[in-house]
Amino acid sequence: MAAAPRPGRRGRGRAGGGRVPVNPRSRLRRLAQAPRPGLKVLGQSWRSDRAGTAQVIVTSLVVGVLPACQVTLTAAFATALLRAAGSSRPQAGDILFYLGLLALLGLGSQVLILLQSRAMQRCQSRLSAHLSDEIISRAGRFTLSQVEDPKIQDSLQRAVREVGFRPGMLLSQLVQTVTQVVAFGSVGAILWTLDYRVALLAVLAPVPTVVAQILQGKRAHALEHGRSEERRRLTYWQHLASQPDSMKEVLAFRLAPVVLTHHRKLLAGIVGADLRLANRNFRLAIPMVVLTAALTVSAQATAILAGTDARHVAGLLAVIQAIGMLQSSAQMLYGALSGMYVNQLFLRNVNEFLAIEHTPLPEGELAFPEEISAGVEFRDVSFSYPGSGRHALENVSFTLKPGQVTAVVGLNGAGKSTLGKLLGRLYEPTGGSIVVDGVPLADFRLDSLRDRVSYVFQNYVQYQLSVGENISLGLVHEADRAAGRVEAAAREVGMHEHIAALPQGYGTQAGKLFTGGVEFSGGQWQRLAIARSMVRSASVRVMDEPTAALDTITEAELLDTLTTATAGRVSLLIAHRFSSVLRADRVLVFDRGRLVEDGDHQELMGLGGLYARMYEAQTAGHEPAAGAATGAR
Ligand SMILES: Nc1ncnc2c1ncn2[C@@H]1O[C@H](COP(=O)(O)OP(=O)(O)OP(=O)(O)O)[C@@H](O)[C@H]1O
Ligand SMILES: [Mg+2]
C-alpha cells in the first residue's frame, strides 16, 4: 500500500507531499502556548513523583543562573589580570581568588547538572509509567463494540507508541525552557548593558533554525497521524511471521513469501514517505542554517569592531563570552519551545485516546440473583453489530428455565454466539429486552452481573500465565479463592493428574511464549478454559462449543458435568455435536438470526425441520453446507 501523503487533522498540514498552509499568526500563537501542555505534564509529574519533580524544578532554576555568574566572574577575572599587568605590585591573591571561584563554579555546575539529570530520569520514568497505566486502565473500560472499532484501535496504537517517551521529552523540554529563560534573561541583561546591538543579533540568530525545526516537527506529526492503520497492518504482518500460533500455518502453507511481500510493500510505502519528508526538510533547513550563521557572524563582528579599543579588552572578553552563552541559551530556549510544540502535537495522540468517551453501560443497583427462580427471558430481542446493516438476531423470544440445560443449535453464522454474548451484556440488544426473574438486565449492577454469568467462549483465551492462573482467573472476584477450588475444577475437567505431573505443578508456565513454558494440546487448553468457567459461582452458564476440541472419550466424561442441570442455574449449551445436544433438556434452533424451532429432541425430530435435517446429516456422517437447509446466508 503506497504511503500516499494524507491531510493531517482538520486538513492542516500534509504529510510527505503538498505544502503546509501558512498562517504565521496562529502558528506564533500556538508556539506561545507550547508551554501549556508542558505545564500539564509537569502537573502529572508532580502527581506521580513530588520529591523528584521538586528536585527537577530547583536544580533547573539554579542551573539557569550559572552562565550569568560565569560571565560576571570572567569579567572580574580579566579586570584583575589587566590590573596586575599594569601594576608594579604583585596581585597574585586576586587572580588566585577568581581562578578558585571559576573552578568552583565549573565543578558546581557539573554536580548540579548531574543532580538535575538524575531527578529528570526518575520523573520521566515515573511519568511514563503513570500515563501507561492510565491508558491501559481506560482501554479496559471500553465496551466490546468500541474495542472492535478500527478507529479506536488506531488511536490506542498511537497513544501506546507515544506514551513511552513523549511525556518525558516534554517534561525535559519544559525544564530546559525554565533553565534557559533564567540563563537568557540574566546573560541578556549583562550583554544589553555592554552592547545592545550585539545582544539583539545574538538573540535573533537561532530563530531561522528553530522555525525550520517546528515545520519539520509538524510534518512528521501529520505523516505519522495519517498512517496509523498502515503501521498496524505492518505490526500485523510482523506478528504473523513471528508468533507461534500463526507460524504453524505460515510454515505449512509456505506463506513466508506472501508475508514478506506484504511486509516489504508496506515498508516501501513507509520508507518512501519518510525519504520524501527528509528531502523536503533538507530543502527547508539549508537557507535557515545559512541565515542563522550570517546573524551569528554579524553579532561577533559588531562586538569585535566595537571593542577594539584597548580600554575595553576586559569588557570585550565578557561580551564575546556573553554572545556565546546568550546564543547557546537562545538556541536551547527556542529549541526547547519548538520541541515542546512538536511533542505536544504527538502527545495529543495520548490525550485524544484518553478523551475518547467511554459511554459506560447504564446499570442499576440490584445484585444479580445467586439463584434464578422464574428464568431468563428474551423478549423480542434483535441485535445488529455496529456498522452492520444486517440483523445478527431478529425478534427472538424465549425463556431459559432454571434447573435446565438448554442447547442452542444452528448453522454457522446463525447468531448463537451473539445470543450468548448478549446475556453477559458484552453487547446490548438493539431491540427488545432480556429480563431475569422479571428484572431487565440493565437494572443489575454490571459487576454483579458479570460475576454471575460465566462463559466458556468459542474463542477462549490461552493465558500465557501459570497453569493454576489459567483456572484461578475465574475466581478473582470471589470471596473464597482457596487453591482447593482450583484443584477441584481441574479434577472435574480431568486435568489434575496431568498438571500435578508438570515440573512446577500448578505453578508451571503455560504456553511457549515465555521461558520454561509447557505447551498444551488444543483440547487441554479447552479443558483449562472450561475449568476457569466452572470454578465460578455462576447462576447463568454460557458454554459456546465447549467440547469442540475434546476427544470423544474426554467429551463423554465431561458432558456429564457440563450438562448436569443445577437448581437455580440457567445453562446455555451452544453446540454443533449432537452428542452434546442430546443431553440437553430443551433445544432452540436458530436460522439466520431467527428462532425457528423450540422443543426437546423428540419434538424437534417430529417437526422434520432444520433440526431433524441437521441431526440426520450428522448421524449419517456429514453436515449440510452452510445455508443448504434454508438458503445461503
Ligand atoms: N464482532 C462482530 N462484528 C460484526 N459482525 C459479527 C461479529 N461477530 C459475528 N458477527 C456476525 O454476526 C452473525 C452471527 O454470528 P455468530 O458468531 O453469532 O454466529 P454463530 O451462530 O455463533 O456461528 P458459528 O456456528 O460459526 O459459531 C454472523 O453473520 C457474523 O458475521
Ligand atoms: Mg459461534
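This report describes the magnesium site and the surroundings of ligand 1 in a predicted model.

**Magnesium site**

The magnesium ion is ligand 2, and its protein donors are OG of S417 and OE1 of Q458, at 2.0 to 2.2 Å. These two residues are 41 residues apart and join distant parts of the chain. S417 belongs to helix α14, which spans residues 416-423. Q458 sits in the loop between β6 (453-456) and α16 (467-472).

The two donors can also be described by their accessibility. S417 has a relative accessible area of 18% and is buried, because that value is under the 20% cut-off. Q458 is partly exposed, because its relative accessible area of 40% falls between the 20% and 50% limits.

**Ligand 1**

There are 16 residues around ligand 1, and those that come nearest are G413, K416, S417, T418 and Q458. Both magnesium donors, S417 and Q458, are thus named in this group as well. By class, the shell around ligand 1 holds 5 nonpolar, 7 polar and 4 charged residues.

The table lists polar contacts to oxygen atoms of ligand 1.

| Residue | Part of the residue | Distance to an oxygen atom of ligand 1 |
|---|---|---|
| G415 | backbone N or O atom | 2.9 Å |
| Q458 | side-chain N or O atom | 2.8 Å |
| H576 | polar side-chain atom | 3.0 Å |

On its own, ligand 1 has 630 Å² of accessible area, and the protein covers 70% of this. Q458 therefore has two roles in the geometry: its OE1 is a donor of the magnesium ion, and an N or O atom in its side chain lies 2.8 Å from an oxygen atom of ligand 1.

Notes: Residues are numbered from 1 along each chain as its sequence is written. Chains are lettered from A and ligands numbered from 1 in the order in which they are written. This is a predicted model: local features need pLDDT of at least 70, side-chain atom pairs count only at pLDDT 80 or more; totals for chains, interfaces and linings use all residues. Side-chain values use heavy atoms; hydrogens and water are left out. Donors are N, O and S atoms within 2.8 Å of the metal (3.2 Å for Na, K and Ca); water is not among the atoms, so sites may look incomplete. Helices (H or I, at least four residues) and strands (E, at least two) are DSSP runs, numbered from the N terminus. Buried means under 20% relative accessible area, exposed over 50%, partly exposed in between (1.4 Å probe, protein chains only). A residue is near a molecule or strand if one of its heavy atoms lies within 4 Å of it. A polar contact is a pair of N or O atoms within 3.5 Å; within protein, one must be able to donate a hydrogen and the other to accept it, and residues adjacent in sequence count only if both atoms are side-chain atoms. Accessible areas come from the Shrake-Rupley method with a 1.4 Å probe; for residues, only the protein chains shown count as cover. Ala, Val, Leu, Ile, Met, Phe, Trp, Tyr, Cys and Pro count as nonpolar, Asp, Glu, Lys and Arg as charged, and the others, Gly among them, as polar.
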